[in-house]
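Open the model in your viewer and keep the selection tool ready. We will go from the whole chain down to single side chains.

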Amino acid sequence: AAKHGRHEWACFAAQQAAEKVLAALHRQLGQAAWGHAVTRRLEELPLTVPEELRDAARRLDAYSIAPRYPDAFPEGPPARSFGRQQSEEAIRHARAILDFVRATMADRAAVLAAVERWARGLESPGLVAVGMFGSLREVTGVGSDVDLVVIVERSARPPIERPLDLPLERLPVPAEATVYTREEWARLLETSPHFAAVLAREAVWALGGQTSRQEAARRKR
């Protein structure tokens, strides 16, 4: 839009881009994003936000209304009140927020926190532990998924059907789960030694970690 001289629309689109990408970050963190102000969406993140980014948000929010309405200014349409300097500034601020979100979404700690909240909210009788492994060890960004290992006291379902009892759709990233009963978990080193070694090396426990470490230590003995 800026290249074609639609500077008023470029300013509005920059504000919208920042608003939407922050909504995605809230989603990944497992929380809702209310309102349309970029400033508010930054303030409600459970993260440390640099002051210069807050200033960029305030400047972008100035473009959330005026560029869209023909009567926003005392005289003439918005196109007469916006120029290249303003659109370039708006795009620069939007890119700064996009870079912040990209860096944050590449942090596996954000995913871990979301899975912890999800695990604590599970209404699953007999839940023992929830852990993550696999791709979470590497950079976790847009499009990444998470592999879960879930331990329960017992289950009447065959292993392939057990994940159906889990609300995986509530997680902010795509997820697959492998569910073991406590008895199966205790025998994992015998039944699946390679997978047991992978879990011992990679698993990060979001719930019941102490119980799981005790089980792992017992299997090694």
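Start with the surface. The accessible surface of the protein chain is about 12500 Å², and carbon and sulfur atoms hold 51% of it. Keep in mind that this is a predicted model. Of the 221 residues in the protein chain, 42% are buried.

Now colour by secondary structure. You should find 9 helices and 4 strands. Read from the N terminus, the order is α-α-α-α-α-β-β-β-α-α-α-β-α. Among contacts with a separation of 6 or more, 62% join residues 24 or more positions apart.

**Helix H1**

Select residues 7-28. This is helix H1, with 22 residues. Its end C-alpha atoms lie 32 Å apart, which agrees with the 32 Å expected at 1.5 Å a residue. Step just past H1 to Gly30, where phi is positive, about 80 degrees.

Go back into H1 and pick Trp9 and Phe12. Their ring centres are 5.0 Å apart and their planes meet at 50 degrees, so the pair is tilted. The two are 3 residues apart in helix H1, about one helical turn. An α-helix has 3.6 residues a turn, so residues three or four places apart point the same way. Which of the two is buried? Phe12 is, at 8% relative accessibility. Trp9 is partly exposed at 39%.

**The largest core**

Select Leu42, Leu45, Ile97, Phe100 and Val101. These have the most contacts inside the largest nonpolar core, which has 23 residues. H1, H2, helix H3 (51-61) and helix H4 (84-105) each give at least two residues to this core. Apart from it lies another core of 18 residues, including Leu122, Leu168, Ala177 and Val204.

Centre on Leu42. Beyond residues up to four places away in sequence, Leu42 touches Leu22, Val49, Leu53, Arg54, Ala57 and Phe100.

Then move to Thr39, in helix H2 (residues 38-43). Thr39 has a relative accessible area of 17%, so it is buried, the cut-off being under 20%. Outside its neighbours within four places in sequence, Thr39 contacts Ala57, Arg58 and Asp61.

**The aromatic cluster**

Select Phe133, Tyr180, Trp185, Phe195 and Trp205. They form one aromatic cluster. The whole structure holds 6 aromatic pairs.

Zoom in on Tyr180 and Phe195. Tyr180 is buried at 13% relative accessibility, while Phe195 is partly exposed at 22%. Their rings form a tilted pair, 6.4 Å centre to centre with 40 degrees between the planes. Tyr180 sits in strand S3 (residues 175-181) and Phe195 in helix H8 (residues 193-202), 15 residues apart.

How values were computed
Residues numbered from 1 in each chain as written. Predicted model: local features only at pLDDT ≥ 70, side-chain atom pairs only at ≥ 80, totals over all residues. Heavy atoms only, no water. Buried < 20%, exposed > 50% of the residue type's maximum accessible area, 1.4 Å probe, protein only. Contact = heavy atoms within 4.5 Å. Areas by Shrake-Rupley, 256 points an atom, 1.4 Å probe, with all protein chains shown as cover. Expected span 1.5 Å × (residues − 1). Core = buried A, V, L, I, M, F, W, Y, C linked by side-chain atoms within 4.5 Å. Phe/Tyr/Trp six-rings, centres within 6.5 Å; stacked < 30°, edge-to-face > 60°.
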